[in-house]
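Let's take a walk through this model together, one helix at a time and then out to the loops and strands. Keep the structure open beside you as you read.

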Amino acid sequence: MPAPKARPIPEGMHSLTPHLVCDGAAKAIEFYKAAFGAIEGGRLPGPDGRLMHAALRIGDSVLMLVDEFPGMGSVGPKALKGSPVTLHLFVPDVDATMAQAAKAGAKITMPAADMFWGDRYGQLEDPFGHRWSVATHLQDLTPEQIQANFAKMPPAMECGQ
């Protein structure tokens, strides 16, 4: 009898899943546990001990990560001198999460503040060079309300100046 057909998107996964390269993936797992309450779903170490695959659950989402493998073109943001990518994380209490992440070793790059689009929002960089924005949604606003709130902003606040 043939095996049942696998689901195209596995149970518990979303269509889009971030997959990070970290210089020190095992340490990154411990950081994400301490900073964001991540739950480890498993890891696959290679013969040299570096992680070839790991999965964590943060909230309702999965985060995959691996160690750097420079010979295969797989390097993290520190080797690249930064990352143009920001991971966005919604949480029940942005201030508590940012404080917890800072205590675990994150660098706060933008303290949490109430934003014109209805979220309380801040940014941080984790010890592995990955950028995160963290938010708690406070208000449901129409596009017109968001635009009106944006128009009231001081010019120096636009685009993070």
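Helix α1 covers residues 25-36, 12 residues in total, and its first and last C-alpha atoms are 16 Å apart, close to the 16 Å expected at 1.5 Å a residue. That expected span is 1.5 Å times one less than the number of residues. Helices here are DSSP runs of H or I with at least four residues, strands are runs of E with at least two, and both are numbered from the N terminus. The model is a predicted one, in which local features need pLDDT of at least 70 and side-chain atom pairs count only at pLDDT 80 or more, while totals for chains, interfaces and linings use all residues. Residues are numbered from 1 along each chain as its sequence is written, and side-chain values use heavy atoms, with hydrogens and water left out.

Which residues of α1 are buried? They are A25, A28, I29, F31, Y32, A35 and F36, where buried means under 20% relative accessible area, exposed over 50%, and partly exposed in between (1.4 Å probe, protein chains only). These residues cover an arc of only 165° around the axis, which puts them on the same side of α1; the arc is that of the directions from the helix axis to the C-beta atoms. The background is familiar: an α-helix has 3.6 residues a turn, so residues three or four places apart point the same way. Just after α1, G37 takes a positive phi of about 70°.

Now move on to helix α2, residues 94-104. Its buried residues are V94, T97, M98 and A101. Seen down the axis of α2, they fall within an arc of 100°, so they line one face of the helix. Among the elements that cover these buried residues are α1, β6 (107-114), β7 (119-125) and β8 (131-137). T97 makes a good place to pause: its relative accessible area is 11%, so this residue is buried. Setting aside neighbours within four places in sequence, T97 is in contact (heavy atoms within 4.5 Å) with A35, F36, V91 and V134. By contrast, T97 and P47, 50 residues apart in sequence, have C-alpha atoms 36 Å apart in space.

Strand β5 offers another stop, at F90. Is F90 buried or exposed? At 53% relative accessibility, F90 counts as exposed. Beyond its neighbours within four places in sequence, F90 is in contact with D119, A135 and H137. The C-alpha atoms of F90 and K107 are separated by 18 Å, with their positions 17 residues apart along the chain.

The loop between β4 (61-67) and β5 (86-90) holds K81. Most residues other than glycine have a negative phi. K81, however, has a positive phi near 65°, and this residue is exposed, with a relative accessible area of 78%.

Finally, step back to the whole chain. Three helices and eight strands run in the order β-α-β-β-β-β-α-β-β-β-α from the N terminus on. The C-alpha atoms fill a box of roughly 60 × 45 × 30 Å, taken along the principal axes. Of the 161 residues, 34% are buried. Among contacts between residues at least 6 apart in sequence, 50% join residues at least 24 apart.
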